[in-house]
Amino acid sequence: MNKILGILFAVIVLVSCNSQKVYSDFDISYSRNGGLSPVYENLLIKGNNAHYSFEGQGKKHKQDFKISDEDLKKLDQTLSQNNFRRIEEDRKKLYDNITTSINIKKGSNEGSKTDASMIMPNFTTNWTNILTAFQEIINNNVKNNK
C-alpha cells in the first residue's frame, strides 16, 4: 500500500512540475497583470513555439502556436531599434495598475524591464513601440483573442 501511495505521489509531483514548465522555459516573455479588476496575460516564446494565456474579465483563454522566423526577426529589430536594454524604469510606486513585464533571455537584447513603477518619460515612446510589437504578435496569432 505504501508503494502504491509513493508511486501515486511521485506521479502527481511530476505532472504538476511539468505543467509549470511552460512558464519557466522560455527565451522571450511578455506578461501583463494586475489592476482593480485583475487581468493576467502571458506570451511565452521558446524558439518558434509560443504559449499564450489570458485570464480576466470573466474570460479564460490558452493557446499554443508557432511563431514565424520573420515575426521573431521583426520583434528582435523592434527591441534593438527602441534600445530595450537602455530603457530606464522610474522609482515611483504605482498601485492597482496593470503592469507589463518583458524578459529576454537570449540574444543581443537580453534583459528584463517592467513598467510596474512607470517608465522614465524620455523612454515612453520606446516602451510603447515594444509593447505594440508584442500586441501585434498576439493579435495576429491568437484566435478568439480576449
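## Helix 3, its sheet and the core between them

In helix 3, the buried residues are Asn126, Trp127, Ile130, Leu131, Ala133, Phe134, Ile137, Ile138 and Asn141. Viewed down the axis of helix 3, these buried residues lie within an arc of 145°, so they line one face of the helix. The face pointing away from that buried side carries Thr125 and Asn140, both exposed. Please keep in mind that this is a predicted model.

An α-helix has 3.6 residues a turn, so residues three or four places apart point the same way. The length of helix 3 is easy to check: at 1.5 Å a residue, its 18 residues should span 26 Å, and its end C-alpha atoms are 26 Å apart, which agrees.

Thr128 is also part of helix 3. With a relative accessibility of 44%, Thr128 counts as partly exposed, because it falls between the limits of under 20% for buried and over 50% for exposed. Its C-alpha atom is separated by 9.4 Å from that of Asn82, a residue 46 places away along the chain.

### The sheet under the helix

What does helix 3 lie across? It crosses strand 1, strand 2, strand 3, strand 4, strand 5 and strand 6, and runs at about 85° to strand 5. These six strands make an open sheet in the order 4-3-2-1-5-6, with antiparallel pairing. Strand 4 (59-66) and strand 6 (111-114) are at the edges with a single partner strand each, so one side of each has no neighbour in the sheet. On average, neighbouring strands are turned by 5° against each other, direction ignored.

Four of the antiparallel pairings are set out here, each with a pair of facing residues.

| Strands | Bridges | Facing residues |
|---|---|---|
| Strand 1 and strand 2 | seven | Asn33 and Tyr40 |
| Strand 2 and strand 3 | eight | Leu43 and Tyr52 |
| Strand 3 and strand 4 | eight | Phe54 and His61 |
| Strand 1 and strand 5 | seven | Ile28 and Ile104 |

Tyr40 of strand 2, seen above opposite Asn33, also stands opposite Glu55 in strand 3.

Three hairpins connect strands of this sheet. The hairpin of strand 1 and strand 2 has four residues between the strands, and Gly35 there takes a positive phi near 100°. Between strand 2 and strand 3 there are two residues, and in this hairpin Gly47 has a positive phi near 65°. Strand 3 and strand 4 also form a hairpin with two residues between them, where Gln57 in the turn shows a positive phi of about 55°.

How enclosed are the inner strands? In strand 3, six of the eight residues are buried, so the strand is largely enclosed by the rest of the structure. Strand 1 has six of its seven residues buried, so it too is largely enclosed by the rest of the structure.

### Helix 2

Helix 2 can be checked in the same way as helix 3. Its 13 residues should span 18 Å at 1.5 Å a residue, and its end C-alpha atoms are 18 Å apart, which agrees. Leu72, Leu75, Thr78 and Leu79 are the buried residues of helix 2. Down the helix axis, they fall within an arc of 125°, so they line one face of helix 2. Asp69, Glu70, Lys73 and Gln81 are exposed on the other side. The buried residues of helix 2 pack against strand 1, strand 2, strand 5 and helix 3. Just after helix 2 comes Asn83, with a positive phi near 50°.

### The core

In soluble globular proteins, nonpolar side chains tend to be buried together. Here the largest nonpolar core has 27 residues, and those touching the most other members are Leu43, Ile45, Phe65, Leu75, Ile102 and Phe134. Strand 1 (28-34), strand 2 (39-46), strand 3 (49-56), helix 2 (69-81), strand 5 (98-104) and helix 3 (124-141) each supply at least two residues of this core. Which element gives the most to this core? That is helix 3, with seven residues.

Ile102 is a good residue to pick out in your viewer. Leaving aside neighbours within four places in sequence, Ile102 is in contact with Ser29, Tyr30, Phe84, Gly111, Ser112, Lys113, Trp127, Ile130, Leu131 and Phe134. Among these partners, Trp127, Ile130, Leu131 and Phe134 belong to the buried residues of helix 3.

Technical notes: Residues are numbered from 1 along each chain as its sequence is written. This is a predicted model: local features need pLDDT of at least 70, side-chain atom pairs count only at pLDDT 80 or more; totals for chains, interfaces and linings use all residues. Side-chain values use heavy atoms; hydrogens and water are left out. A nonpolar core is a set of buried Ala, Val, Leu, Ile, Met, Phe, Trp, Tyr and Cys residues joined through side-chain atoms within 4.5 Å. Buried means under 20% relative accessible area, exposed over 50%, partly exposed in between (1.4 Å probe, protein chains only). Contact means heavy atoms within 4.5 Å. Two strands pair if DSSP finds at least two bridges between them. Axes are lines fitted to C-alpha atoms, for helices over the stretch in contact, and angles run from 0 to 180 degrees between N-to-C directions. The expected span of a helix is 1.5 Å times one less than its number of residues. The arc is that of the directions from the helix axis to the C-beta atoms.
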